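This report describes one protein model, beginning with its internal space and moving outward to individual elements and residues. The sequence and structure are shown below.

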Amino acid sequence: MAASYPQIVLFGDSIFQGAIDLVDGFSFHAALQSKVNRRYDVINRGLSGYNTSNALAVLPQVFSPPGPGVPKIECLQFILLGANDACVPLPTNHQHVPLDKYKINLKRIITHPTITAHKPKIFLITPPPLDQIRITELDLASGHPSATRHAKISASYSEAARQVAAENAGVTLVDLWKAIMDTAIKKTPSFNPNGPPLGYPEGQRGYLEHLLPDGLHLSPESYRIFYDLVSSYIDSNDENRVLPEWRQAPWLEEDGHLKG
């Protein structure tokens, strides 16, 4: 049987789907694969537009139980869902999942028998911040009666993800919301900590303009922030290669004399 590489799976929405793209010389997926090359396969299962209800419904189509010929899921490295759950219910948008149900769905994903059977390391990612100022501009231009997402509501879903991680043993939280917002604040000299947060309609966009160009999705700079945030959790031990490095690699019997 061919050598099977254990997998690191990226499971989430458009933020992961877009992580495979090469933009301005950087690809989150490629950078992660480069870090673990010859030890793990990085599998991208980012599904644009999906909320936690959608993700749960298709989970059996994404993951297979352990068995002969099935690669081991070493890390369900990223579960990143919630940006779509946090949508405001509108006649023109039907992605919303109530906050309490969102938390239940996240736990059901984390504890799904198909997932737990692999005994993976699980990392739960908070949805990133939202720039409601930019979102409102684009949503109105697209024909929505109002903004499909609100910064304050989206922040509450990020907080819910933190709570789910804290309530489930063995789950590691990766706070993408904080990492991006901290960077935006640091690079916005005019930010007033006593005023409204960045991206809120009564405030300013600040450096979120560069980190969330459409108000929701990550720029290459944000993907670099994301990569730096998570890469520290992944070991860099090249000794754990699936196939040995060339000095220890086997030779064909008839070529053994070439080894010297």
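Gly82, Ala83, Ala86, Pro127, Pro128, Pro129, Leu130, Arg149, Ser154, Tyr157 and Leu216 form the lining of the largest cavity. By residue class, this lining comprises eight nonpolar, two polar and one charged, where Ala, Val, Leu, Ile, Met, Phe, Trp, Tyr, Cys and Pro count as nonpolar, Asp, Glu, Lys and Arg as charged, and the others, Gly among them, as polar. The volume of the largest cavity is about 60 Å³, and the search of the whole structure finds one cavity of 30 Å³ or more. On a 1 Å grid over the protein atoms alone, a cavity is a set of points where a 1.4 Å probe fits but cannot get out, whereas a pocket is an open set with protein on both sides within 12 Å along at least five of seven lines; lining residues have an atom within 4 Å of a point. Grid points are joined across faces, edges and corners, and a volume is the space filled by probe spheres set on the points.

The model is predicted: local features need pLDDT of at least 70, side-chain atom pairs count only at pLDDT 80 or more, and totals for chains, interfaces and linings use all residues. Residues are numbered from 1 along each chain as its sequence is written, and side-chain values use heavy atoms, with hydrogens and water left out.

**Overall architecture**

The protein contains 10 helices and five strands; helices (H or I, at least four residues) and strands (E, at least two) are DSSP runs numbered from the N terminus. Its C-alpha trace spans about 75 × 40 × 35 Å along the principal axes. Of its 260 residues, 49% count as buried, a term that denotes under 20% relative accessible area, with exposed over 50% and partly exposed in between (1.4 Å probe, protein chains only). Among contacts with a separation of 6 or more, 77% are between residues 24 or more positions apart; a contact means heavy atoms within 4.5 Å.

**The largest pocket and its elements**

The largest pocket holds about 170 Å³ of space. Its lining has 13 residues, of which Gln7, Val62, Phe63, Ser64 and Ile73 are the closest to its centre. Strand E1 (7-12), strand E2 (41-46) and helix H3 (52-62) are the elements that give two or more residues to this lining, and H3 gives the most, with three residues. Eight nonpolar, four polar and one charged residue make up the lining of the largest pocket.

In E1, six of six residues are buried. Gln7, Val9 and Phe11 on one side and Ile8, Leu10 and Gly12 on the other are all buried, so that both faces of the strand are covered. E1 and E2 run parallel and are joined by six bridges; strands pair if DSSP finds at least two bridges between them. Phe11 has Arg45 of E2 as its bridge partner.

The buried residues of H3 include Thr52, Ala55, Leu56, Val58 and Leu59, and the buried residues of this helix pack against E1, helix H4 (99-110) and helix H5 (113-116). Asn51 caps the N-terminal end of H3.

**Strands E4 and E5**

Strand E4 (residues 121-125) is mostly covered, with four of its five residues buried. E4 pairs with strand E5 (residues 171-174) in the parallel sense over four bridges, and Ile122 stands opposite Val171 in E5.

**Selected residues**

Asp131 is placed in the loop between E4 and helix H6 (132-141) and is buried, at 0% relative accessibility. Beyond residues up to four places away in sequence, Asp131 touches Gly199, Arg205, Leu208, Leu212 and Gly215. Gln33 belongs to helix H2 (residues 28-36) and is buried because its relative accessible area is 17%. With the same sequence exclusion, Gln33 touches Tyr40, Asp41 and Val42. Glu167, in helix H7 (residues 151-167), counts as exposed because its relative accessibility is 57%.

The table gives side-chain polar contacts, each a pair of N or O atoms within 3.5 Å; within protein, one must be able to donate a hydrogen and the other to accept it, and residues adjacent in sequence count only if both atoms are side-chain atoms.

| Side chain | Partner | Distance |
|---|---|---|
| Gln33 | Tyr40, backbone oxygen | 3.0 Å |
| Asn51 | Ser53, backbone nitrogen | 3.0 Å |
| Asp131 | Arg134, backbone nitrogen | 3.3 Å |
| Asp131 | Arg205, side chain | 2.6 Å |
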